[in-house]
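Let's take a stroll through this protein model, starting at a ligand and ending in the greasy interior.

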Amino acid sequence: MLALRQLGLALFFLGFGVWIFTLSLGQFRLTDDLITSVVKPEHQAIIRERTAFMSGRLYTSNLAFVNDFRSAIQAYNEDVRSRQQWDKVIYDNYTFNVTQQAAQGMFTTGSAWLWFWLSIGVASLGGVLYGLAGLKQLPGIKNDYLYRHPATDRGWIGIGVGAFLIGFYIVLYFYPEYLVNWVLLVDPVSRFVTGGPASQWFLYGTLYTIVILVMGVRMLVNYRHSRYQQLRTVSVMFFQLSFAFLIPNVLQLLNYPYQDLKNIWPLDYNFFFDYEIREKIQAGTFGIFMLVWGIVLALVGVPVLTYFLGKRWYCSWVCGCGGLAETLGDPYRHLSDKRLVAWKVERVVVHSVLVFAVVMTLLVFYTYFTGQSTLLGFLDSYSVRGAYGFYIGSIFAGVVGTGFYPLMGNRVWCRFGCPLAAYIGIVQRFKSRFRITTNGGQCISCGNCSAYCEMGIDVRWYAQRGQDVVRASCVGCGICSAVCPRGVLNLETGPVVSRNI
Ligand code: SF4
Ligand code: SF4
């Protein structure tokens with residue numbers, strides 16, 4: 001089994017290396033036809049003039065092509081700005097589409113599938129083999145060098161992984177043109193699933209799903225002694241593959257709006273944006289169904305299901321962010337801050353994000369029904385939604401939420417930033433039958449439960465006193481119960497009791 005683990009690791013690094021290498025492949029050529037097809041008519045002449053030096057030239061590097069194109073547009077914008085000709089500034093960002101269309105060579109001549117399998121395919125196979133190698137070990141958590149290993153104790157490997165993830169998110173969100181080769185790599189998958197070309201978001205969705213499935217195998221192997229963990233892991237794998245990945249893309253293929261039917265407002269913060277509502281209304285009966293489904297789920301489904309099942313029905317069984325945290329993030333769950341001060345910060349920050357989301361949505365409604373964008377003379381609906389999208393949707397949920405797994409644990413976003421978790425947490429605090437019961441007499445104070453609680457809850461504190469764990473932040477992952485050597489902790493439902501935050 002050690003050999004299988006090493007083989008898995010070797011294949012993973014081989015595939016990962018090929019994946020990184022593909023960024024240096026391909027050729028790019030800017031043509032007249034391309035500018036005509038991608039650029040708005042009013043900008044075509046000026047872009048032709050400014051990029052004339054690129055015309056016909058064959059670039060062998062994505063970096064050189066992107067840099068030349070960006071610099072040409074930037075130089076033009078600086079010129080017109082210096083002459084204060086504000087109406088001539090080009091605000092549209094054409095770089096990604098132009099670079100994608102300009103690609104030639106290996107990715108566009110049918111070999112993208114081959115590179116896809118050589119890179120993502122081989123890395124995934126390696127990940128699965130690595131996970132399966134765990135079958136030879138005892139199930140559960142072993143504590144073996146967890147707090148001394150550089151990968152799991154904020155050491156150089158962990159910092160390296162975090163830096164890679166943070167860098168990936170920044171480039172994906174703000175400079176996707178540099179990832180065009182990776183987008184082209186999943187283009188055949190996109191054409192198979194959606195019937196259209198891949199975008200940066202299709203790339204992201206594909207990688208996200210593959211990571212959850214591969215690391216899900218590891219979870220299934222590691223926690224094979226726990227039926228709860230088996231069901232929960234299969235559930236997040238199923239919901240990611242079907243609801244988050246396949247169904248929205250197939251909907252698009254059928255000319256319906258793209259919608260993840262399990263993504264709930266306020267996590268799905270643009271659900272009520274005017275263009276989203278218009279798009280759904282225009283899509284006819286099914287579009288209206290999506291609209292009603294989303295509203296009913298947020299206003300009725302969340303409180304009712306949380307009353308009966310607690311926060312876990314969503315955060316640990318259905319949600320994509322939770323799915324990634326429970327699979328890719330599992331090796332880092334012990335890094336969650338358990339201090340009281342972290343609990344205090346968590347409550348202030350997560351509820352502030354919820355208030356931010358509610359205010360933003362009220363402003364969206366205000367603009368939708370009145371046609372005015374400004375309220376009270378200073379609250380600009382478009383600026384507020386722009387700020388929310390940038391700071392919460394991109395930076396907090398993506399860059400920090402995932403990039404900080406190896407530094408702050410696997411639930412940074414769920415714990416400190418997710419407005420839906422805050423909303424469900426309020427319901428769980430005041431009206432839910434869910435609790436973790438403790439058989440205090442059996443507790444040997446080993447601390448496993450507290451160490452592995454991804455939400456930073458000091459479970460042992462409750463166990464030692466024989467008190468039920470009734471915290472709003474508990475996502476009901478059940479790991480505390482799975483790692484307890486004495487069977488002290490049980491996830492149960494019962495009559496509603498008063499609870500701490
Ligand atoms: S208390 Fe237990 S079930 Fe709740 S989040 Fe922590 S580890 Fe998961
Ligand atoms: S409840 Fe279980 S895991 Fe937690 S300290 Fe007690 S014996 Fe250890």
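In this predicted model, ligand 2 has 14 residues around it, and the closest are Cys443, Cys446, Gly447, Cys449 and Cys484. Two elements each give two or more residues to that shell: helix H21 (448-452) and helix H22 (459-465). Sort the shell by class and you get nine nonpolar, three polar and two charged residues.

Now for the transmembrane regions. An unreviewed UniProt entry puts that annotation on residues 7-28, 114-135, 156-175, 201-221, 233-251, 286-309, 348-368 and 388-407. Here is how two of these spans look in the model:

| Span | Helix | Strand | Distance between end C-alpha atoms |
|---|---|---|---|
| Residues 348-368 | 100% | 0% | 30 Å |
| Residues 388-407 | 95% | 0% | 24 Å |

Next, the nonpolar cores. The largest one has 56 residues, and the members that touch the most others are Leu30, Ile47, Phe65, Phe69, Tyr94, Val98 and Phe168. Helix H10 (residues 200-222) gives this core its largest share, six residues. Why does the core lie between domain 1 and domain 2? Because domain 1 (27-104) and domain 2 (140-183 + 191-334) both give residues to it.

Let's zoom in on Leu30. Which residues is Leu30 in contact with, leaving aside neighbours within four places in sequence? The list is Ile35, Thr51, Met54, Ser55, Gly56, Arg57, Phe65, Phe69 and Val98. Of these, Phe65, Phe69 and Val98 are also among the core members that touch the most others.

Apart from the largest core lies another one, made of 33 residues, including Trp313, Val318, Cys414 and Tyr423.

Definitions and conventions
Residues numbered from 1 in each chain as written. Chains lettered and ligands numbered in written order. Predicted model: local features only at pLDDT ≥ 70, side-chain atom pairs only at ≥ 80, totals over all residues. Heavy atoms only, no water. Near = heavy atom within 4 Å. Helix = DSSP H or I, 4+ residues; strand = E, 2+ residues; numbered from the N terminus. Nonpolar A, V, L, I, M, F, W, Y, C, P; charged D, E, K, R; others polar. UniProt positions renumbered as here; feature names shortened; annotations may be inferred. Core = buried A, V, L, I, M, F, W, Y, C linked by side-chain atoms within 4.5 Å. Buried < 20%, exposed > 50% of the residue type's maximum accessible area, 1.4 Å probe, protein only. Domains from an automatic or database assignment. Contact = heavy atoms within 4.5 Å.
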